[in-house]
Amino acid sequence: MGILTDDMKRVVRQQRLGFVATVCPDGTPNLSPKGTASVWDDDHLLFADLASPVTMENLRHNPAVEINLVDLYSRKGYRFKGRAHIVEQEREPDLHEEIFQAYEHGQRGVHQMRLPTRAYVLVTVERALPLVSPAYVPGKTERETREVWAGYWAEVHQAIMEQLEGGG
């Protein structure tokens, strides 16, 4: 059994959008959203380089990475710390093709995605920790928290749709 539990895999597969932190050459952090986060196996997460020049350059200099994924309704998720390995067609054609096919066809539990990809980042997860919102401190249950946030996002969605319909 690897480091990734069934619940961790569920959160990654359901949420997909994660925030990836890398270290810039000057030591400052870089945080970038990634909508391609997937589980590769029991010890690895994966994301695609669609348009991430700063993230990729940082990983070439320092492979330390953290990925955070949070369920917007339950306000719970995980932070995954590890080492990134950039998989490029020129250097690792077989692995690159295997990952491409997984995204192309939704194989291995990787969600289907058909977007132009420059490379893939395979992250060896060395440490995984839960993230829990302070919304739980006052004693709210997960059900209550989900209901509150589902209502909030429904209102946000409605307001945006009305704005779009009005030509805004």
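# Salt bridges and a buried asparagine

Visitor: What N to O distance goes with the salt bridge between Glu 142 and Arg 146?
Guide: The two side chains meet in that salt bridge, and keep in mind that the model is predicted. A bridge needs a side-chain nitrogen and a carboxyl oxygen within 4 Å. This pair makes the cut, with N to O at 3.6 Å.

Visitor: Which helix holds both Glu 142 and Arg 146?
Guide: They're 4 residues apart, about one turn of the helix. Glu 142 is partly exposed, because its relative accessibility of 33% falls between the 20% and 50% limits. Arg 146 gets the label partly exposed too, at 30%. The helix that spans residues 142-165 and holds the pair is α4.

Visitor: Which residues are linked with Glu 142 and Arg 146 in a network of salt bridges?
Guide: Side chains of opposite charge can pair when their charged atoms come close. Here the pair belongs to a network of salt bridges, and its other members are Asp 71 and Lys 76.

Visitor: Which residue forms a salt bridge with Glu 147?
Guide: Look in helix α4, 4 residues from Glu 147, so about one helical turn away. The partner is exposed, because its relative accessible area of 64% is over 50%. With the closest N and O atoms 3.6 Å apart, the partner is Arg 143.

Visitor: How many residues apart are Lys 9 and Asp 42?
Guide: Lys 9 and Asp 42 form a salt bridge, with the closest N and O atoms 2.2 Å apart. The pair links distant parts of the chain: Lys 9 sits in helix α1, and Asp 42 in the loop between β3 and β4, a separation of 33 residues.

Visitor: Is Lys 9 buried or exposed?
Guide: Its bridge partner Asp 42 counts as partly exposed at 33% relative accessibility. Lys 9 comes in at 13%, which is under the 20% limit, so Lys 9 counts as buried.

Visitor: Which side chain makes a polar contact with that of Asn 30?
Guide: Asn 30 is in strand β2. Asn 30 is buried, because its relative accessible area of 16% is under 20%. Beyond its sequence neighbours, Asn 30 is in contact with residues including Val 20, Cys 24 and Asn 58. The side chain at 3.5 Å in the polar contact belongs to Thr 55.

Visitor: How much accessible area do Leu 72, Tyr 73, Tyr 152 and Trp 153 have together?
Guide: Leu 72 lies in the loop between β5 and β6, and is partly exposed at 43%. Those four residues form a nonpolar patch on the surface, and their accessible area together is about 370 Å².

Notes. Residues are numbered from 1 along each chain as its sequence is written. This is a predicted model: local features need pLDDT of at least 70, side-chain atom pairs count only at pLDDT 80 or more; totals for chains, interfaces and linings use all residues. Side-chain values use heavy atoms; hydrogens and water are left out. Helices (H or I, at least four residues) and strands (E, at least two) are DSSP runs, numbered from the N terminus. Buried means under 20% relative accessible area, exposed over 50%, partly exposed in between (1.4 Å probe, protein chains only). A polar contact is a pair of N or O atoms within 3.5 Å; within protein, one must be able to donate a hydrogen and the other to accept it, and residues adjacent in sequence count only if both atoms are side-chain atoms. Contact means heavy atoms within 4.5 Å. Patches are made of residues with over 30% relative accessible area and no salt bridge: like charges are joined within 9 Å, nonpolar side chains (Val, Leu, Ile, Met, Phe, Trp, Tyr) within 5 Å. Accessible areas come from the Shrake-Rupley method with a 1.4 Å probe; for residues, only the protein chains shown count as cover. Lists of a residue's contacts leave out its neighbours within four places in sequence.
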